[in-house]
Amino acid sequence: MNIIILVITVSMLVIAAFYVVWADSFFTVLAASSMVSVGLVLLFVLLRAPDVALTEAVVGVALTGVIYALTLAKIDLWKINDNDDNNDVSQSKQ
Amino acid sequence: MQDSLILLVVLPLLLAFLLPVIARYLGNLSGLTGSLLLLFNILLLANAWNSVGYSPKVILLGGFAAPLGIVFYIDKLNMLFAILTTIIALLLWPCRTHNTDVREYVLWLLLLAGCYGVILSGDLFNIYVFYELLAVASYGLVTLPATGASYIAGFRYLMISALGSAFALLGIALIYSFTGSVNIAHLAQIIPDHLHHIWGYSAALLLIIGFGVKAELFPVNFWVAEVYSHADKRVTALLAGVVSKIAVLIILRFIILLFPWQDIFNFLLLLGIIGVIVGEFAAFYAQDLLRLLAFSSIAQSGLVIIAFACATEAGIMAGIALAIHHLLLKPALFLLASHCDRSINDLAGLAKSSPWASALFVILALSLLGVPPLPGFWAKLLLLQSLMAEQYLLLLVLVLLATIVEAAYLFRLFMLFYQRQEMPEQKRITIQGQELYPVITLSGILLLGLFFLPLFMDSLREIAMQTSNIEAYINTVLGKVQHIGEGNI
Amino acid sequence: MQRWTTILFLTGLSIVLFAIITPLVLGQSPMLVGKLINASAVNDTGAANLVTAVVLAYRGLDTLGELAILFTAATAIGIILGTTDKTQTTSSPTAGFIVATAAKVLFPLLLVFALYIILHGHLTPGGGFQGGAVLAAAFFLLTLADSGNNIKHKVTQVIEALAGTAFIVLGLVSFALQGVFLQPWLDKGELGSLFSAGSLPLLYLALGLKVGAELANLLSSLANVEK
């Protein structure tokens, strides 16, 4: 049973991690990287490290994402209200 | 007595935490508190210097015996580096009376606390924590000029440095998972014999590369020129002089205590010699003075690494001598050079507009080169002797060749300084008055050292002997609990 | 193209990491020091949560160092953002009804949770770092919901300075009393009760306040500096 959960968690983590590289908009990138952190939290809980899981949950899932979003907003790459085109990673590089 | 040395680390942290608030009431005086703190630290060190003597001491933090808690290891080498760090920090302290952001003082204090921690700590993970502290503080300080170039330099520095820290952390994790300990003395009992296989080597490489970022070691030093030419001059002086030498000191401890294997020594020799050659040639082709000094600093670090990688007592002695020489000299050179941050050709005829500065520069640069009566000569002589003793003849030739290249670009510089043609009035550079005091003090210390040369050589030999004595380190730290963990691996 | 190079690089990195961790068997590392700490931690510190015993007692200086690193990072970011005490905010879009209501509901819960984690750090998993981060998140949530509701820099700065000083002073008191920095002092009390483990809960309280004030400060200064 534990092994199954472990496998599901790890595969979710890996898929989310690949999606971080593949995603097109910064919004998706942040969501996916928070997803990686969620996977890590589950993993830490399964490995019986509640302290580390708690830290990862607060810092990895919540604060890191917020800090990235604020930083992107500061350099004008974070526009939720606009069309999706403006959020495109490849476009903003040009 | 030595127990009070913990205050070296704690008091800068305390002041750094408090300063943002009390600066509101102190106003312009807040810069002065840091200077006072550094003076107090010098007194503390001077007081402990004699009481420590030639038998190393240990501070147990939290009162827990060695492999359980963190220890500070106090011997003459560590104290020497701590004293020199304090002196240079005091000379470079940004005590301007007007318009200084209090956060600049705070970062300086944190950087210094990190330096002291890295120097004194005898615990692998604790060293990493303080190394990270000084790294993060230096990222902030590099961007102080607030120009575009300094931001780019700072960002690149942050990236490479963070990668290095990740490597170092991975190395520590690897060591911990194989041995279950992070105390250096404890590890010195275990690693050399029990981990002498591929995983020990990978841990060693990860740690050397990780700490090599600050030590300006060859493959991870491409940040050096950019950062040194765009950062604040005092920060550049501190990074080039003190921080790089502290990182080299850590690498020395690692290769002596943890990884005393011939392959690692050879690897470091290779990195060192590539660093020397690349550094000297890059300096030869450099077009502005700060870049030239930055590249020559890479070469000097390479020399120190070569000396340490001989792993003999003579080599260690030579390395320490070179490191101390460079630690005192490079800040002075950078302070002088920071006034002429443009193309070398603009420096023509500098000797006329600012005779004192150019005279000081020439003397210091000659010492850097290793011209006989100056201190640099004796340090380089020690290196050559130790290379001779180890029969590394090819290395000897390469070091001499590098010195010739160094001579070529330095003399080209001197010729420019004392050229008869002067630059037109508006492009002329004058360096004088107050700006010169720290430089004069540093050169004074160096030249004064010449009078005490025999005394200094003796104590250096003693320090080298003490440093290479692994048994003494283990016994001092672990004391009676030596049997821990034998046969468990 | 760039995407493929990234993936290639990451694959290479993961192969290296994988090669490094293959020889390690999960949960079977030689816990040389770990065993000793397991045996003696309760006697030495009186903390029921052994992680706390390690974080605050055996490796207290590391914790102080990490606290300083966080402080350094916040200070460096402050220098780069270049503002000291700007109360002016940008005309950021107002939060929607869902966020505003959720913030009001969640704020007291988060506050209680954070204080629980901090105060029970020596008994249950968690402690100053985690609690402090939750604390910061709670206050930042209010700012997110209502951009007029700013975190006061002056207040957080004072809390931060006092909490950091308190941590060091707690260490210095033991230095003055016993000649050892950061040694646990005060009565150890009964194992597992709230008032136990001597000075450790006090240290965690200082740590939590410092981390919380610092992160809140950092987040709010990131959120409202004029563009």
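Biologist: How many salt bridges does the rule find across the interface of chain B and chain C?

Modeller: In this predicted model, the rule finds one salt bridge across the interface of chain B and chain C. Asp123(B) pairs there with Arg59(C), and their closest N and O atoms are 2.5 Å apart. This pair counts as a salt bridge because the rule asks for a side-chain nitrogen of Lys or Arg within 4 Å of a carboxyl oxygen of Asp or Glu.

Biologist: How many residue pairs are in polar contact between chain B and chain C?

Modeller: The count is six residue pairs, with both residues at pLDDT 80 or more.

Biologist: Which helices of chain B supply at least two residues to the side that touches chain C?

Modeller: They are helix 1 (7-26), helix 4 (102-120), helix 5 (124-142), helix 6 (148-179), helix 7 (184-194) and helix 8 (198-212) of chain B. Helix 1 of chain B gives the most to that side, with 10 residues. Sorted by class, the side of chain B that touches chain C holds 36 nonpolar, 14 polar and seven charged residues.

Biologist: How should the size of an interface be read?

Modeller: The size of an interface is often expressed as the accessible area lost when the parts come together. Here, chain B and chain C bury about 4700 Å² between them, 77% of it on carbon and sulfur atoms. On the chain B side, Phe17(B), Leu68(B) and Arg103(B) lose the most area to chain C, together 17% of what that side buries. The contact takes 57 residues from chain B and 52 residues from chain C.

Biologist: Which chains share the most contacts, and where do chain A and chain B stand?

Modeller: Two pairs of chains are in contact, and chains B and C share the most contacts. Chain A and chain B do not touch, their nearest C-alpha atoms being 14 Å apart.

Biologist: How is empty space inside a protein found?

Modeller: A probe the size of a water molecule, rolled over the atoms, shows where empty space is left. In this model the count is eight cavities of 30 Å³ or more. The largest cavity has a volume of about 60 Å³.

Biologist: Which residues line the largest cavity?

Modeller: Among them are Tyr73(B), Asn78(B), Ser121(B), Gly122(B), Arg253(B) and Tyr473(B). Helix 4 and helix 10 (233-258) of chain B are the elements that give two or more residues to this lining. Helix 10 of chain B contributes the largest share, three residues. By class, the lining of the largest cavity comprises eight nonpolar, three polar and one charged residues.

Definitions and conventions: Residues are numbered from 1 along each chain as its sequence is written. Chains are lettered from A and ligands numbered from 1 in the order in which they are written. This is a predicted model: local features need pLDDT of at least 70, side-chain atom pairs count only at pLDDT 80 or more; totals for chains, interfaces and linings use all residues. Side-chain values use heavy atoms; hydrogens and water are left out. Contact means heavy atoms within 4.5 Å. Buried area is the accessible area (1.4 Å probe) that two parts lose on being put together, summed over both. A polar contact is a pair of N or O atoms within 3.5 Å; within protein, one must be able to donate a hydrogen and the other to accept it, and residues adjacent in sequence count only if both atoms are side-chain atoms. Helices (H or I, at least four residues) and strands (E, at least two) are DSSP runs, numbered from the N terminus. Ala, Val, Leu, Ile, Met, Phe, Trp, Tyr, Cys and Pro count as nonpolar, Asp, Glu, Lys and Arg as charged, and the others, Gly among them, as polar. On a 1 Å grid over the protein atoms alone, a cavity is a set of points where a 1.4 Å probe fits but cannot get out, and a pocket is an open set with protein on both sides within 12 Å along at least five of seven lines; lining residues have an atom within 4 Å of a point. Grid points are joined across faces, edges and corners, and a volume is the space filled by probe spheres set on the points.
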